[in-house]
Structure formats: structure tokens, C-alpha cells
Amino acid sequence: MAVADETASEDFLLALLNTTPRVDGIPTDQLAGPAAARSWLLRQGGAGSAAEQRRVVAVRDALQAVVRGQQPPGILAPFLDGASSRPALGQGRVTWTLTADPDHLLAVRAVLAWAGLSQHRPGRLRPCANEACRLFLLDRTKGNTARWCSMAVCGNRMKARRHYQRARTTP
Ligand SMILES: [Zn+2]
């Protein structure tokens with residue numbers, strides 16, 4: 001498998017981190033059921049096997065904990081075990097081919113995408129500022145000022161709450 005381009009990797013990482021949204025206030029997991037997990041894995045270029053599902057769920061949980069600052073990045077290291085990347089030159093460009101156990105490839109891709117972001121754009125990947133929200137955001141704004149996964153959902157909700165609290169505490 002060729003290493004996907006940067007934006008595709010980042011989108012994949014964000015999609016993975018956001019597989020545990022709250023729906024109508026209830027925490028859900030899009031990778032919990034075998035059928036739902038399989039179609040999600042296939043959409044992301046995976047094989048959809050049960051072993052792949054277990055690996056991807058494990059790396060997602062680890063990545064969520066790291067991005068939330070609850071665990072050190074070192075817990076991601078085992079997910080790279082057995083993976084290697086080989087360069088090849090064609091048409092004046094170097095392309096890298098990633099090799100790993102087929103059931104581990106998506107998890108490797110997720111860790112590499114996280115590592116690339118941490119190195120080149122530190123602090124851009126973070127949890128939504130709404131504590132009740134379980135989603136993550138990748139801030140692509142120039143000033144690094146985005147706070148919510150979505151202005152339409154959490155942004156307006158948080159603004160309304162702050163307005164309500166202000167109104168309540170003002171005598
Ligand atoms: Zn949110």
C-alpha cells in the first residue's frame with residue numbers, strides 16, 4: 001500500500017478519532033458492531049476483518065487518550081511493530097510503500113498521520129472545547145483559533161450557555 005497523501009491521512013485520522021460521537025446525548029461507537037465496523041473499515045481502504053477491527057479500535061482508543069493528554073505518546077509505539085516503509089523512485093518522484101501485517105495497516109496509517117501532525121503542526125489536533133462533546137477537531141485556521149468541532153453544533157451551543165450563565169449571574 002502506498003502512503004496516502006497528507007490531507008487524506010489527516011482526514012482518515014480525524015474520521016477515526018470521531019467514531020465515538022454522542023448521538024442525542026448518548027455516547028456511541030461506530031466501530032462496535034461487526035457490520036458497521038466492517039463497512040467503515042472498507043470505506044477507509046481496509047480489509048474489514050475482525051482482527052483489523054480489534055486493532056483499529058485499540059489504536060483509536062490509544063490515540064484519543066493521547067490527544068486528550070491522558071496518556072503519553074509512547075503508548076502508540078507498539079502499533080508500529082512489524083511495519084516498514086520502502087522508497088522507490090519513479091518519474092523523478094520518490095514514493096513510499098508501507099508494508100505491515102494486512103490487519104495492522106490502518107492502525108499504522110493512523111499513528112503515522114498523528115505523528116506527522118504532531119511534528120509539523122503541533123497543537124492543531126485537539127478535543128472539542130465543549131466538554132460534553134466527544135469529537136475532535138483539526139484546526140486548519142491561520143490563527144489556530146478554532147475551538148469547536150463544529151460552529152453550527154457546539155459553537156452555538158457553548159455561546160448560548162455562556163450567555164445564559166452571564167445573564168443568570170448578573171444581578
Ligand atoms: Zn463539539
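Along the chain, the donors of the zinc ion follow the spacing C-x4-C-x15-C-x4-C, where a donor is an N, O or S atom within 2.8 Å of the metal (3.2 Å for Na, K and Ca); water is not among the atoms, so sites may look incomplete. The protein donors are the SG atoms of Cys128, Cys133, Cys149 and Cys154, which lie 2.3 to 2.4 Å from the zinc ion. Cys128 and Cys154 link distant parts of the chain, being 26 residues apart: Cys128 sits in the loop between strand S5 (125–127) and strand S6 (136–138), and Cys154 belongs to helix H5 (residues 151–169). This is a predicted model, in which local features need pLDDT of at least 70, side-chain atom pairs count only at pLDDT 80 or more, and totals for chains, interfaces and linings use all residues. Residues are numbered from 1 along each chain as its sequence is written, and side-chain values use heavy atoms, with hydrogens and water left out.

Why is the arrangement around the zinc ion called tetrahedral? The four donor atoms subtend angles of 105 to 117°, and four donors count as tetrahedral if all angles lie between 85 and 135 degrees. For comparison, ideal angles at a metal are 109.5 degrees for four tetrahedral donors.

Three of the cysteines can be described by their cover. Cys128 is buried because its relative accessible area is 6%, buried meaning under 20%, exposed over 50% and partly exposed in between (1.4 Å probe, protein chains only). Cys154 is likewise buried, at 2%, and Cys133 is buried at 16%. A search of the whole structure finds zero disulfides, a disulfide being a pair of cysteine sulfur atoms within 2.5 Å.

Turning to the whole chain, five helices and six strands are present, these being DSSP runs numbered from the N terminus (helices: H or I, at least four residues; strands: E, at least two). Their order along the sequence is α-β-β-α-α-β-β-α-β-β-α. The C-alpha trace spans about 70 × 40 × 30 Å along its principal axes, and buried residues make up 35% of the 171 residues.

On the surface, Leu89, Val94 and Trp96 make a nonpolar patch of about 340 Å². Patch residues have over 30% relative accessible area and no salt bridge; like charges are joined within 9 Å, and nonpolar side chains (Val, Leu, Ile, Met, Phe, Trp, Tyr) within 5 Å. A salt bridge is a side-chain nitrogen of Lys or Arg within 4 Å of a carboxyl oxygen of Asp or Glu. Leu89, found in strand S3 (residues 84–90), is exposed, with a relative accessible area of 68%.

Terms used:
Areas by Shrake-Rupley, 256 points an atom, 1.4 Å probe, with all protein chains shown as cover. Tetrahedral: all angles 85-135°; square planar, octahedral: opposite > 155°, others 65-115°.
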